[in-house]
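Here are a few short exercises to work through with the structure open beside you. Try each task before reading its solution.

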Amino acid sequence: MSSNRCQMLGTFTLCSVCLCWATALAAAVPTTPQTAFFRANTLYTQGQYAEAADAYEAVLQSGLASGNVYFNLGNAYFRAGQVGRAILNYERARHFFPSDPDLAANLGFARSLTGAEVCRPPLWQHFVFPFTHRVATDRLVWLTSAAYTLLFVVLAVSRLWPRRPQWLRYVGWGVATGLVVITLSLVQQLRTSEWQRHAVVLKQEDAPVRFEPAASGTVHFSVPQGTRVRVLDVREDWWQVARCDGRRGWVEKDALEEL
């Protein structure tokens, strides 16, 4: 009997040592951004939305910023009841996926809950800049470079080909037209998005926008949660912002977060 007890005690001790060793080994393995992303997805599927949002934020802090991370983070915040932060991260995801239908649907639904204003460009801009805000900026840059290269090839062939067939001239004009359209769309996107500062209102109540950067300043208008505004100037704890219609004023910095 004593021998059996000793054997059981030895087995228990061995199992404990193995368990401690496995735990230490798991702790020693570094957590990569990819594994942290999968862990955040698991938390989301388990209904732990606030914890999932924290996990996605940790992924972003590690340097792994992508459209998928921002989109999932927006979903987590939305499920956690933080609609303003959901819209903020949906807007950030649009930088990577400007034409994604699921992202557009989620963003539109979140805006409808808060009454956030949407900046819609004039109809003529859809024809003059057809790719603006429909194609990611890095892809527009790639398309512009490709069009320039193709136009150079067509011009070189037309110079070296003695006969210069009529169809080659049509190809050249087509490529040149496409290059102009893509370049205009790229410049417009850089001018309205990349070269301007934007922020999203996170305050749950309508954020008052004042005539001057002071709490005692007269309220000019208010912007609801989730509204995207253009940042014009910064003065200590106040930001001067502009709405889609051009009306501008000063709002407290704590009510906003920059895109």
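A salt bridge is a side-chain nitrogen of Lys or Arg within 4 Å of a carboxyl oxygen of Asp or Glu. Keep in mind that this is a predicted model.

**Exercise 1.** Work out what E91 and R111 form, and which helices they lie in.

*Solution.* Start with the distance: the closest N and O atoms of E91 and R111 are 2.5 Å apart, and the two form a salt bridge. Next, place them: E91 lies in helix α5 and R111 in helix α6 (residues 101-114), so the pair ties together parts 20 residues apart in sequence. Finally, check the surroundings: both E91 and R111 are buried.

**Exercise 2.** Find the salt bridge between R92 and E257, and say where each residue sits.

*Solution.* First, the closest N and O atoms of R92 and E257 are 3.1 Å apart, which gives a salt bridge. Then look at the chain: R92 is in helix α5 and E257 in strand β7, 165 residues apart. Now for accessibility: R92 comes to 19%, and buried means under 20%, so R92 counts as buried. E257, at 23%, is partly exposed.

**Exercise 3.** Decide how the rings of W124 and F129 are arranged.

*Solution.* You need two values here: a pair of aromatic rings is described by the distance of the centres and the angle of the planes. For W124 and F129, the centres are 6.2 Å apart and the planes are at 55°, so the pair is tilted. As for exposure, W124 is partly exposed at 49%, while F129 is buried at 12%.

Terms used:
Residues are numbered from 1 along each chain as its sequence is written. This is a predicted model: local features need pLDDT of at least 70, side-chain atom pairs count only at pLDDT 80 or more; totals for chains, interfaces and linings use all residues. Side-chain values use heavy atoms; hydrogens and water are left out. Rings of Phe, Tyr and Trp (its six-membered ring) pair if their centres lie within 6.5 Å; planes under 30 degrees apart count as stacked, over 60 as edge-to-face and the rest as tilted. Buried means under 20% relative accessible area, exposed over 50%, partly exposed in between (1.4 Å probe, protein chains only). Helices (H or I, at least four residues) and strands (E, at least two) are DSSP runs, numbered from the N terminus.
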